[in-house]
Amino acid sequence: MSDLDIKGLFLKHASAVQRFLLRRSNDSQLAADLTQESFLRLAEQGEGGRIDNSPAYLYRTARNLLIDHQRQQLRRKTDLLADEQLAEIVDAGTSVEEIAAAREGVEALQQVISQLPERTRQIFHLNRIEGLTHAEVARELGISDSSVQKHLAKALAHVMAHLQGESEQ
């Protein structure tokens, strides 16, 4: 596909693809970024072969890119709530009672973490205690980023269930 063809398709369909994405994401910046990425993919795909219906390819690509983005956002959400919950345990005041309560909280958290399967516990430790990113943990253990995220989600769900059950008592 020539540059002139891509330019013509961009002029004709870019605003419609962007509106399509905006309606589904409610994020104008994301819609603009994914629109550009869709046209880049069309240009790359067009070099390797013939695309019969370029507008359909654009919309399908845009939709798939948005789905991928939303999935990544959901995976990243595993990081948000647990830090706040863990901070509450660590942010104890200076009184003897508060220090004792904090120590009990840490011991309880350690007990809950020790109940996790070995691999999950190892991933939790590397990410939450040592501060490694998902990608760094994946490289360290020779597993995929997706596996790291799944193990962390499992660990955080276990910790959160325990913390919520403890606060209800």
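User: Which exposed residues does the face of α7 turned away from its buried side carry?

Analyst: That face carries R139 and E140. The model is a predicted one. In it, exposed means over 50% relative accessible area, and both residues are classed that way.

User: What makes H134 a buried residue of α7?

Analyst: The cut-off is under 20% relative accessible area. H134 is buried by that rule, and so are V137, A138 and L141.

User: How do you know that the buried residues of α7 are on the same side?

Analyst: Look down the axis. The buried residues cover an arc of only 100°, so they sit on the same side of α7.

User: What happens just after α7?

Analyst: G142 takes a positive phi there, of about 70°.

User: How do you know whether the length of α5 agrees with its number of residues?

Analyst: Set the expected span against the model. At 1.5 Å a residue, the 19 residues of α5 should span 27 Å. The end C-alpha atoms are 27 Å apart, so the two values agree.

User: Which residues of α5 are buried, and how do you know where they lie around the helix?

Analyst: A102, G105, L109, V112 and I113 are buried. Seen down the axis of α5, the buried residues fall within an arc of 95°, so they line one face. There is a general reason for such patterns. An α-helix has 3.6 residues a turn, so residues three or four places apart point the same way.

User: What does the face of α5 turned away from its buried side carry?

Analyst: Exposed residues: V96, E97, R103, E104, E107 and Q110.

User: Why is the set with I113 and F124 called a nonpolar core?

Analyst: Because its members are buried nonpolar residues joined through side-chain atoms within 4.5 Å. This is the largest such core, with 17 residues. I113, I123, F124, V137, V148 and V159 have the most contacts inside it. α5, α6, α7 and α8 each supply at least two of its residues. α8 gives the most, with six.

User: What is F124 in contact with, leaving aside its neighbours within four places in sequence?

Analyst: F124 is in contact with I113, I129, L152, A155 and L156. Contact here means heavy atoms within 4.5 Å.

User: Which residues does the second core include?

Analyst: L21, L30, I51 and L65 are among its 16 residues. This core is separate.

User: How many helices and strands are in the protein chain?

Analyst: Eight helices and zero strands. Buried residues make up 32% of the 169 residues.

Note on methods
Residues numbered from 1 in each chain as written. Predicted model: local features only at pLDDT ≥ 70, side-chain atom pairs only at ≥ 80, totals over all residues. Heavy atoms only, no water. Buried < 20%, exposed > 50% of the residue type's maximum accessible area, 1.4 Å probe, protein only. Helix = DSSP H or I, 4+ residues; strand = E, 2+ residues; numbered from the N terminus. Expected span 1.5 Å × (residues − 1). Arc of directions from axis to C-beta.
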